[in-house]
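Reader: I should like to go through this structure and ask, term by term, on what grounds each description rests.

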Amino acid sequence: PDLHSCIEINKCSANNGGCSQNCSNTNGSFMCTCGIGYQLAPDLHSCTCGIGYQLAPDLHSCIEINKCSANNGGCSQNCSNTNGSFMCTCGIGYQLAPD
């Protein structure tokens, strides 16, 4: 080092920046991010299961909740489970009511 220049310090190199999953080093700072199915907790460092997901039996990963498995998702006819949500549909000759 020439003791005159400043160099960026990678804040993610030590202890993953304190992030529970992903750490992205930025210019002068860092940012924690989470994998699919997770959302960043209010502490901005840890990740929790996102909406429509629950903690898996391994207590480390999140699994998608099948919203159609209980009471057909509240749908009167067809329920289609989607990633993090669900959708009600109707058979031929019927249309979805605004409720």
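Reader: Why is Lys-11 called partly exposed?
Author: Lys-11 has a relative accessible area of 24%. Buried means under 20% relative accessible area, exposed over 50%, and partly exposed in between (1.4 Å probe, protein chains only). Lys-11, at 24%, is therefore partly exposed. This is a predicted model, in which local features need pLDDT of at least 70 and side-chain atom pairs count only at pLDDT 80 or more, while totals for chains, interfaces and linings use all residues. Residues are numbered from 1 along each chain as its sequence is written, and side-chain values use heavy atoms, with hydrogens and water left out.

Reader: What makes the pairing of Glu-8 and Lys-11 a salt bridge?
Author: The term requires a side-chain nitrogen of Lys or Arg within 4 Å of a carboxyl oxygen of Asp or Glu. Between the side chains of Glu-8 and Lys-11 the N to O distance is 2.2 Å, so the pair satisfies that limit. Glu-8 is partly exposed because its relative accessibility is 39%.

Reader: How many salt bridges does the structure hold, and what makes Lys-67 a partner in one?
Author: The structure holds 2 salt bridges. Lys-67 forms one with Glu-64, where the closest N and O atoms are 2.3 Å apart; this lies within 4 Å, so the term applies. As for the partner, Glu-64 has a relative accessible area of 28% and is therefore partly exposed.

Reader: Why is Lys-67 called buried?
Author: Its relative accessibility is 18%. Since buried means under 20%, Lys-67 counts as buried.

Reader: Which other groups does the side chain of Lys-67 reach, and at what distance?
Author: The side chain of Lys-67 reaches the backbone oxygen of Ser-85 at 3.1 Å. This is a polar contact, namely a pair of N or O atoms within 3.5 Å; within protein, one must be able to donate a hydrogen and the other to accept it, and residues adjacent in sequence count only if both atoms are side-chain atoms. Lys-67 also touches further residues, among them Gly-52, Asn-81 and Phe-86, not counting residues up to four places away in sequence. Here, contact means heavy atoms within 4.5 Å.

Reader: Where is Lys-67 found relative to the strands?
Author: Lys-67 is found in the loop between strand S6 (62–64) and strand S7 (78–82). Strands (E, at least two residues) and helices (H or I, at least four) are DSSP runs, numbered from the N terminus. The protein chain has 0 helices and 8 strands.

Reader: How do you know that the protein chain departs from a compact globule?
Author: A compact globule of 99 residues would have a radius of gyration near 13 Å, but the protein chain has 22 Å. The radius is taken over C-alpha atoms, and the globule rule is 2.2 Å times the number of residues to the power 0.38. Along its principal axes the C-alpha trace spans about 80 × 30 × 20 Å. Buried residues make up 18% of the 99 residues.

Reader: What makes the phi of Leu-44 noteworthy, and why is Leu-44 called exposed?
Author: Phi of Leu-44 is near 60 degrees, a positive value in a residue other than glycine. Leu-44 lies in the loop between strand S3 (38–40) and strand S4 (47–49). Its relative accessibility is 54%, over 50%, so Leu-44 counts as exposed.

Reader: Why is Asn-16 called partly exposed?
Author: Asn-16 has 29% relative accessibility and therefore counts as partly exposed. Asn-16 lies in the segment before strand S1 (22–26), and has a positive phi of about 55 degrees although it is not a glycine.
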